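Here is a friendly walk through one structure, written for someone who likes to think in atoms and distances. Have a look at it first, and then read on.

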2 protein chains.
Amino acid sequence: MTMPSAGRRDRKKAATRQAIADAALQLFLERGYDQVSIRDIADAADVSTATVFKHFSGKEALVFDQDEDRESQLIAAVRQRPSGQSILDALRHHILDTWPSIEAHPQAAEFTNLVNSTPVLSAYAERMWTRHTDSLGAAIADEFGVDHDNLTCVALARFVLEIPVLARGRQDRRAAIEAVFDILTHGWEPPSKPPAP
Amino acid sequence: MTMPSAGRRDRKKAATRQAIADAALQLFLERGYDQVSIRDIADAADVSTATVFKHFSGKEALVFDQDEDRESQLIAAVRQRPSGQSILDALRHHILDTWPSIEAHPQAAEFTNLVNSTPVLSAYAERMWTRHTDSLGAAIADEFGVDHDNLTCVALARFVLEIPVLARGRQDRRAAIEAVFDILTHGWEPPSKPPAP
DNA sequence: GTAGAAAAGTGCAACGACTCTACTTAGCGA
DNA sequence: TCGCTAAGTAGAGTCGTTGCACTTTTCTAC
């Protein structure tokens with residue numbers, strides 16, 4: 001594995017960060033997002049409020065700790081796909097491989113519930129995905145040798161990044177992901193009517 | 001036309017609201033969003049800060065004054081479409097008819113620039129559109145007699161509502177809208193390479 | 001008309017998120 | 001061992017936002 005703890009300093013820094021994130025998540029799950037202040041979190045982690053903001057850009061970021069390198073993974077999935085594989089297939093496999101496991105965590109039920117019941121967190125979660133639209137669109141455009149803001153490529157990036165949001169909370173997430181990729185591949189078709197009740 | 005000014009009270013209320021919105025927009029364009037406080041706006045409009053929040057839900061809402069009934073228009077476009085017209089066509093015509101005029105306003109350049117250069121405003125603008133995903137998805141589902149959270153319908157709603165965001169700032173907005181609707185209708189295809197330089 | 005409900009607006013205090021500044025502490029490299 | 005730098009602290013301050021008690025204005029019903 002990687003060795004992120006080059007020295008005692010970095011290790012202590014990571015420990016503080018983790019202590020803050022842990023305290024925050026526990027308090028949020030206990031009382032709800034709006035009922036927990038930064039002060040509460042700082043006290044629980046035994047740090048000052050200023051330290052909290054040294055580690056996290058804002059209150060919402062405390063909830064989504066492990067966000068880091070989704071972007072680079074996405075772009076790598078496009079750039080380093082098996083030769084002969086289409087970009088749509090590469091993205092489909094990447095999302096099928098990486099994403100459902102995030103929701104399959106223990107504690108995921110409570111966590112998902114927390115996010116869905118707190119509007120500011122739902123909004124933040126959506127932006128976490130769509131934030132990467134530009135980079136992914138540019139990567140796709142590179143594969144075809146067109147401008148980075150090429151509409152076709154940016155549109156594909158944006159639609160693909162909506163898929164996790166669309167699949168969130170569905171019973172069969174994998175089927176949902178496949179279904180939406182089908183729309184993108186073959187065009188939209190009216191839903192099949194269910195058998196009459 | 002409609003008569004929204006039933007009495008003196010409503011007229012004065014509308015006037016105050018307008019005074020606040022005007023003062024806010026002018027100050028924002030002059031100094032930039034972050035350099036204007038709610039107190040500044042309240043002072044410029046000669047009201048108290050509490051009054052500002054009686055009329056607008058938050059600071060961001062001061063920028064997007066005329067947001068109101070996009071949702072009902074969208075749903076009407078689906079429900080009351082000419083018989084025989086597909087839902088995709090109805091939505092395409094609706095967006096082509098209603099949306100490009102919003103950006104064609106005088107002062108639109110400065111305004112667009114303000115929004116694009118202020119992250120919190122870009123995020124808010126996106127949410128203004130995608131906020132209606134659920135209602136539009138439900139309306140589409142109704143047309144086919146399927147569940148309101150039917151994935152195919154919700155996905156279509158979400159993709160369609162992304163189109164204005166995708167077309168924003170393009171040279172030829174109408175062509176951009178058509179192009180994205182083409183993706184939704186026939187499936188995604190790689191972009192055509194431009195002639196080599 | 002006039003009384004009184006209803007609503008718009010005010011002034012103020014408060015809370016929480018976040019920032020800034022000046023200061024202490026602790027690891028690190030020479 | 002001696003600084004240098006980065007992590008952390010305390011505390012004051014800004015700003016968005018809300019709540020409360022109160023005044024003023026308009027509408028409505030008698």
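The report below starts with the fold of chain A, moves to the contact between the chains, and ends with the two DNA strands.

## The fold of chain A

Please keep in mind that this is a predicted model. Chain A holds 10 helices and zero strands, so to speak an α-only run from the N terminus on. Along the principal axes, its C-alpha atoms fill a box of roughly 55 × 50 × 30 Å. Of the 197 residues in chain A, 45% are buried. Among contacts in chain A with a separation of 6 or more, 63% join residues 24 or more positions apart.

## A closer look at helix 7 and A:D65

Helix 7 of chain A covers residues 119-130. Its 12 residues should span 16 Å at 1.5 Å a residue, because the expected span counts one residue less than the helix has; the end C-alpha atoms are 17 Å apart, which agrees. Buried residues of this helix include A:L121, A:Y124, A:M128 and A:W129, and A:S122, A:A123, A:A125 and A:T130 are buried too.

A:D65 sits in the loop between helix 3 and helix 4 of chain A. Its side chain makes a polar contact of 3.0 Å with the side chain of A:R17. Leaving out residues up to four places away in sequence, A:D65 touches A:R17, A:Q18, A:A21 and A:F56.

## Where the two chains meet

Chain A and chain B each bring 36 residues to their contact. About 3,200 Å² is buried between them, and carbon and sulfur atoms give 72% of that area. On the chain B side, B:L151, B:F159 and B:W188 supply 23% of the area that this chain buries against chain A, more than any other three residues.

## DNA strand C

DNA strand C is surrounded by 20 residues, of which the closest are A:K12, A:K59, B:T16, B:T51 and B:H55. By class, the surface near this strand has five nonpolar, seven polar and eight charged residues. Sugar or phosphate accounts for 68% of the strand's atoms within 4 Å of the protein, with bases making up the rest.

Which kind of oxygen of DNA strand C is 2.7 Å from an N or O atom in the side chain of B:H55? A phosphate oxygen. Another phosphate oxygen contact, at 3.0 Å, involves a backbone N or O atom of A:R8, while a polar backbone atom of A:R9 lies 3.3 Å from a sugar or linking oxygen. Two or more residues of this surface come from each of helix 1 of chain A, helix 1 of chain B and helix 3 of chain B. Helix 3 of chain B gives the most, with four residues.

## DNA strand D

Around DNA strand D there are 21 residues, and A:K13, A:T16, A:T51, A:H55 and B:R8 come nearest. The nearby surface is made of five nonpolar, seven polar and nine charged residues. Of the strand's atoms within 4 Å of the protein, 67% belong to sugar or phosphate and the rest to bases.

Phosphate oxygens of this strand lie 2.3 Å from a side-chain N or O atom of A:T51, 2.5 Å from a polar backbone atom of B:R8 and 2.9 Å from a polar backbone atom of B:I38. Helix 1 and helix 3 of chain A each supply at least two residues of the surface near DNA strand D, as do helix 1, helix 2 and helix 3 of chain B.

Notes:
Residues numbered from 1 in each chain as written. Chains lettered and ligands numbered in written order. Predicted model: local features only at pLDDT ≥ 70, side-chain atom pairs only at ≥ 80, totals over all residues. Heavy atoms only, no water. Near = heavy atom within 4 Å. Polar contact = N/O pair within 3.5 Å; in protein donor to acceptor, adjacent residues only side chain to side chain. Nonpolar A, V, L, I, M, F, W, Y, C, P; charged D, E, K, R; others polar. Buried < 20%, exposed > 50% of the residue type's maximum accessible area, 1.4 Å probe, protein only. Contact = heavy atoms within 4.5 Å. Buried area = accessible area lost by both parts, 1.4 Å probe.
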